[in-house]
Amino acid sequence: MNTHRVSFYGLQSEKNASLAEHFFYFLAIAYFAYQAITFACEVPFGMPPDERLHTYAVSLFAKLPGFFPAAASLPPLLADKGFAFPLYYKTMGILLLFLKQIAPEHILLNLRIVNVLFGLINVYVCMRFLKLVFKNDPAARILSYTLYVTLLMFPFVSGAINWDNLSNLLCMLGIYICFLFIDRKDFVTAGRFFLVCGLGIISKNTTLPVFLSLSCIVLFYLYKNRIDLLGQFQKSFLTWRGRFSVLYVVISLLVFLASVFHFATIIVQYKTVMPSCTQFYSKEECTKGNIIFKKYEALTLKQENDPAPLLDPLSHFVIWSDLMVSKVLGVFAYKSWYPPRDIIVVVELLILFSLVQLIRTFSLSNRTQLLLLIISLFYISVLFGYVNYKGYLEYGIIPRYTFVGIQGRYIFPVLAPIIVLFSKNLLRPFAGRLRTILALGLCLFFFGIGFPLIMHQDPAYRYVDNRILQNDFIEAVKKSQTYLFD
């Protein structure tokens with residue numbers, strides 16, 4: 001009798017803990033939505049990074065026929081991005097035509113709200129991902145999710161018209177489905193991955209290293225479990241539901257192959273995945289019609305006239321890491337805001353402690369941690385080595401500006417794996433009640449250092465005259481064109 005009572009109370013305790021955790025997830029998603037919607041409604045148009053560019057591109061793609069536009073139909077400003085990665089612009093262009101019919105007086109605000117929805121789906125998928133990789137560690141789950149919804153640059157970008165929002169969502173989906181496939185080992189989940197991969201690689205260039213590493217992992221486990229998967233595939237023809245599953249997988253593979261063919265055509269024709277403006281237009285036309293190209297040209301000229309001493313990769317990586325942490329905790333835009341330096345240093349010390357624990361306890365037998373490391377390190381090596389340090393060598397300055405590329409939001413495609421590694425290793429030395437108290441204390445710390453601080457310290461982020469947001473999309477496009485071309 002005693003044993004049954006203990007078992008019953010144990011089950012009740014687990015049930016209560018589960019309910020409390022689900023209530024936390026609800027509050028966290030609601031908090032993220034509040035942050036993103038506040039930014040969407042109150043931040044001036046054009047203040048978020050590249051919002052003018054993306055708004056202009058959406059308005060242009062709404063008028064273009066077909067899904068993959070010809071390079072000749074795009075202006076110099078969009079000849080590279082829009083040609084290789086059209087998914088966000090075409091999707092939002094279709095939504096723009098729809099919004100013009102049902103709510104013409106609130107188009108700009110509604111386009112921002114659509115991006116908020118991308119962010120909300122992203123944080124929901126992250127919740128599912130954390131439950132998958134942290135099956136028996138609620139403290140690490142809660143800390144990881146707190147970080148995901150409170151790092152300020154994430155809800156800020158989610159409240160803006162920006163192609164990051166769709167590409168980050170597809171990366172999060174790809175990471176989740178990759179680990180789901182490893183867990184389930186079924187061919188339908190593999191089909192879902194290739195569908196998301198096919199869409200992801202045409203959404204933004206930053207998705208390419210993510211889906212390259214994920215595809216290698218999925219292909220490895222496809223080969224490893226090929227006999228079981230082939231048996232599932234053959235049995236699926238015995239029922240109507242199974243036949244629909246086969247059809248779904250075939251369609252998914254066709255979408256994936258269409259995207260691969262798109263890039264294969266670009267590579268054969270232009271010898272690169274993302275052609276530069278000068279491969280479509282003359283240098284003079286690019287300088288005149290592409291503000292980003294113009295700024296790069298100005299930096300090149302500065303370096304030629306006044307060469308700066310160059311840092312070695314390790315020294316540059318230290319500066320790069322500090323800038324990335326600052327630009328994730330704060331807001332890096334046309335009006336930037338960062339939390340106090342003391343807070344940034346505390347977070348960097350926590351990261352260092354977690355990194356030491358990761359190195360100290362690293363084991364190849366921990367499959368989940370190993371795969372997360374592969375995904376994260378491959379992406380970081382491409383971002384730092386191929387993009388940022390290469391740009392630094394070319395232009396000879398510490399690239400702190402938006403057009404050179406050190407931005408916190410560029411780490412978002414692999415934000416979830418990095419946060420999982422951080423949380424797990426940060427809490428690793430602690431157990432029991434101390435572990436729970438530490439996790440909750442860190443949650444309160446991260447909830448307090450972002451959104452509440454920026455709203456308290458910098459009320460200029462609250463938009464006073466929201467006439468453009470509420471009423472005039474055409475005026476916003478004109479302002480974008482004036483900024484981009486004049």
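**Exercise 1. Find K271 in this predicted model and describe its backbone and its surroundings.**

Start with the location: K271 sits in the loop that links α12 (240-270) to α13 (283-289). Next, look at the backbone. Phi of K271 is near 65°, a positive value in a residue that is not glycine. Finally, check the accessibility. The relative accessible area of K271 is 68%, and exposed means over 50%, so K271 is exposed.

**Exercise 2. Do the same for K185: where is it, and is it buried, partly exposed or exposed?**

K185 belongs to the loop between α8 (164-184) and α9 (187-200). Although K185 is not a glycine, its phi is positive, at about 60°. For the class, take the relative accessible area of 30%. Partly exposed covers values between 20% and 50%, so K185 is partly exposed.

**Exercise 3. Describe how α15 and α16 pack, and list the residues that meet.**

Begin with the two elements: helix α15 spans residues 313-329 and helix α16 spans residues 341-361. Their axes lie 10 Å apart, at an angle of about 115°. The handedness comes next: α15 and α16 make a right-handed crossing. Now go through the contact itself. From α15 come D322, V325, S326 and L329, and these meet R341, I344, V347, E348 and I351 of α16. Sorted by class, this contact holds 5 nonpolar, 3 charged and 1 polar residues.

**Exercise 4. Zoom in on I344: which residues does it touch beyond its sequence neighbours?**

First, place the residue: I344 is part of helix α16. Setting aside neighbours within four places in sequence, I344 is in contact with D322, V325, S326, L329 and P339. Take S326 as a check: it is 18 residues from I344 along the chain, yet their C-alpha atoms are 6.4 Å apart. To close, I344 has a relative accessible area of 3%, and buried means under 20%, so I344 is buried.

**Exercise 5. How many disulfides does the model contain, and are C126 and C178 buried or exposed?**

Apply the cut-off of 2.5 Å between cysteine sulfur atoms: the count is 0 disulfides. Then turn to accessibility. C126 has 2% relative accessibility and therefore counts as buried. C178, at 0%, counts as buried too.

**Exercise 6. Step back and summarise the whole chain.**

Count the elements first: there are 22 helices and 0 strands. Of the 486 residues, 53% are buried. Among contacts between residues at least 6 apart in sequence, 78% join residues at least 24 apart. Last comes the surface: the chain exposes about 22,700 Å², with 68% of it supplied by carbon and sulfur atoms.

Terms used
Residues are numbered from 1 along each chain as its sequence is written. This is a predicted model: local features need pLDDT of at least 70, side-chain atom pairs count only at pLDDT 80 or more; totals for chains, interfaces and linings use all residues. Side-chain values use heavy atoms; hydrogens and water are left out. Buried means under 20% relative accessible area, exposed over 50%, partly exposed in between (1.4 Å probe, protein chains only). Axes are lines fitted to C-alpha atoms, for helices over the stretch in contact, and angles run from 0 to 180 degrees between N-to-C directions. Helices (H or I, at least four residues) and strands (E, at least two) are DSSP runs, numbered from the N terminus. A crossing is left-handed if the near helix is turned anticlockwise from the far one by less than a right angle, and right-handed if clockwise. Contact means heavy atoms within 4.5 Å. Ala, Val, Leu, Ile, Met, Phe, Trp, Tyr, Cys and Pro count as nonpolar, Asp, Glu, Lys and Arg as charged, and the others, Gly among them, as polar. Accessible areas come from the Shrake-Rupley method with a 1.4 Å probe; for residues, only the protein chains shown count as cover.
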